[in-house]
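This report walks through the packing and the local backbone features of one chain. Please keep the sequence and the model side by side while reading.

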Amino acid sequence: MNKVRLFLTLILLSALITACGGPRPMAATEPEKERAYWAMKDYIDSHLIEKVLSDYFENLGDGEQPVIPKDFDYKMRSFSTYKGSRTNKTELLDRSLSYVDKKPVFPTVDPIVIRMRPVINELKAALAEAYDYYEMKNYVDDNFAKGKELHARIRQAWAALYPIREEFSAAMRNLGAELRKAHLESYTSDKQDFRYSTLKLVVDAEAMSVELSRQGITADNVLDLDMNAFKPKYDVLVEDLKIVTQQYQVMVDKDSSDKYKYEKYVNAAKEVKAAASEMVERVNKQEKVEKVPSPNDYQYPSGTPEKFSSKVGSVASEYEHIF
């Protein structure tokens, strides 16, 4: 698998959470600006990268010149439509990028968005031109002259976007973790409330990622994990899951219309616990990881911090969709 293709399959990096600098984010409600940033991140990750660019490089290659087979007939994915919708979604990016100048200020995220904005705009423009070019089969008229020019622009824009997008993703994960902790602390309702319990599980799972980061634990040195520090946090997660699964049944009975999104969250929570259990089991048995994953891998070996952190990211994402 080529280098660009490996990058394109990288959607979830290790969720190693660090505290954000500056004022603590508001806890009462999720700001409109934050929602816009999360929508932009989801669009970039799941559509722009995972679908449009992945498909483009799969068909035309990632070299300096596009790969053009003799029987070339390429139907390019649209940059402007998303998840099967025919509605133009280019406005989503424009609107999300415009929030950088609005309140509240996110000091760890806004500067990254400012740097990302011109790169996104260039990539958006190049992909829009390329879509029209291949949709109308203009390569028949100019022997791929414009296609080669667009290929160079797309490669250059992607190369510029990749590191900034990784900074943005990490900053958003950290911001999300800070906001979730603030939200949890702000709750004054019954501690057996389903919303409180589901959020507590996410916060406690993220605390385990923090501990792994603090110890510098990766797949390469996972057997060095200090269980005296990690195991108490693991035990809390186990108890969190018990409470969540019990309350899940009650919530389903009360509101069956939301059963699907509750179920997705609970399944993600179970996967987090399983990934943590695999790691505990590996350390207890002192079983070294045979193949250490590279930073660009999408599939992580069982019982590794990388797999656990990817599952933490998934359950945090599912939490954002259940309320």
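Over the ring of which residue does the charged end of Lys102 sit? The ring is that of Tyr99, and the charged end lies 4.5 Å from its centre. The model is a predicted one.

**Cores**

The largest nonpolar core counts 48 residues. Tyr37, Leu48 and Tyr134 have the most contacts inside this core. Two or more residues come from each of α2 (32-60), α3 (90-98), α4 (110-135) and α6 (145-186). A second core is separate and has 42 residues, including Leu199, Leu201, Tyr248 and Phe308. In soluble globular proteins, nonpolar side chains tend to be buried together.

Tyr134 deserves a closer look. Neighbours within four places in sequence are set aside here. Tyr134 then contacts Tyr56, Leu60, Phe72, Tyr74, Met76, Tyr139, Phe144 and Gly147.

**Aromatic residues**

There are 16 aromatic pairs in the structure. One of them is Phe72 with Phe144, in an edge-to-face arrangement. Their ring centres are 5.1 Å apart, and the planes meet at 80 degrees. This pair links distant parts of the chain, 72 residues apart. Phe72 is in the loop between α2 and α3, whereas Phe144 is in the loop between α5 (139-142) and α6. Both residues are buried. They also belong to one aromatic cluster, together with Tyr56, Phe57, Tyr74, Tyr133, Tyr134 and Tyr139.

**Helix α7**

Helix α7 covers residues 194-215, 22 residues in total. From first to last C-alpha it reaches 32 Å, close to the 32 Å expected at 1.5 Å a residue. At its start, a side-chain oxygen of Asp193 comes to within 3.0 Å of the backbone nitrogen of Arg195. Gly216 follows the helix, with a positive phi near 70 degrees.

**Backbone in the loops**

Two residues other than glycine with positive phi are tabulated here.

| Residue | Phi | Loop | Relative accessible area |
|---|---|---|---|
| Lys137 | near 55 degrees | between α4 and α5 | 36% |
| Gln286 | about 55 degrees | between α9 (259-285) and α10 (305-322) | 48% |

Are these residues buried, partly exposed or exposed? Lys137 is partly exposed, because 36% falls between the 20% and 50% limits. Gln286, at 48%, counts as partly exposed too.

The loop between α3 and α4 holds Pro104. A cis peptide bond joins Lys103 to Pro104, with omega about -5 degrees.

Technical notes: Residues numbered from 1 in each chain as written. Heavy atoms only, no water. Helix = DSSP H or I, 4+ residues; strand = E, 2+ residues; numbered from the N terminus. Expected span 1.5 Å × (residues − 1). Polar contact = N/O pair within 3.5 Å; in protein donor to acceptor, adjacent residues only side chain to side chain. Core = buried A, V, L, I, M, F, W, Y, C linked by side-chain atoms within 4.5 Å. Buried < 20%, exposed > 50% of the residue type's maximum accessible area, 1.4 Å probe, protein only. Contact = heavy atoms within 4.5 Å. Phe/Tyr/Trp six-rings, centres within 6.5 Å; stacked < 30°, edge-to-face > 60°. Lys NZ or Arg CZ within 6 Å of the ring centre and 35° of its normal.
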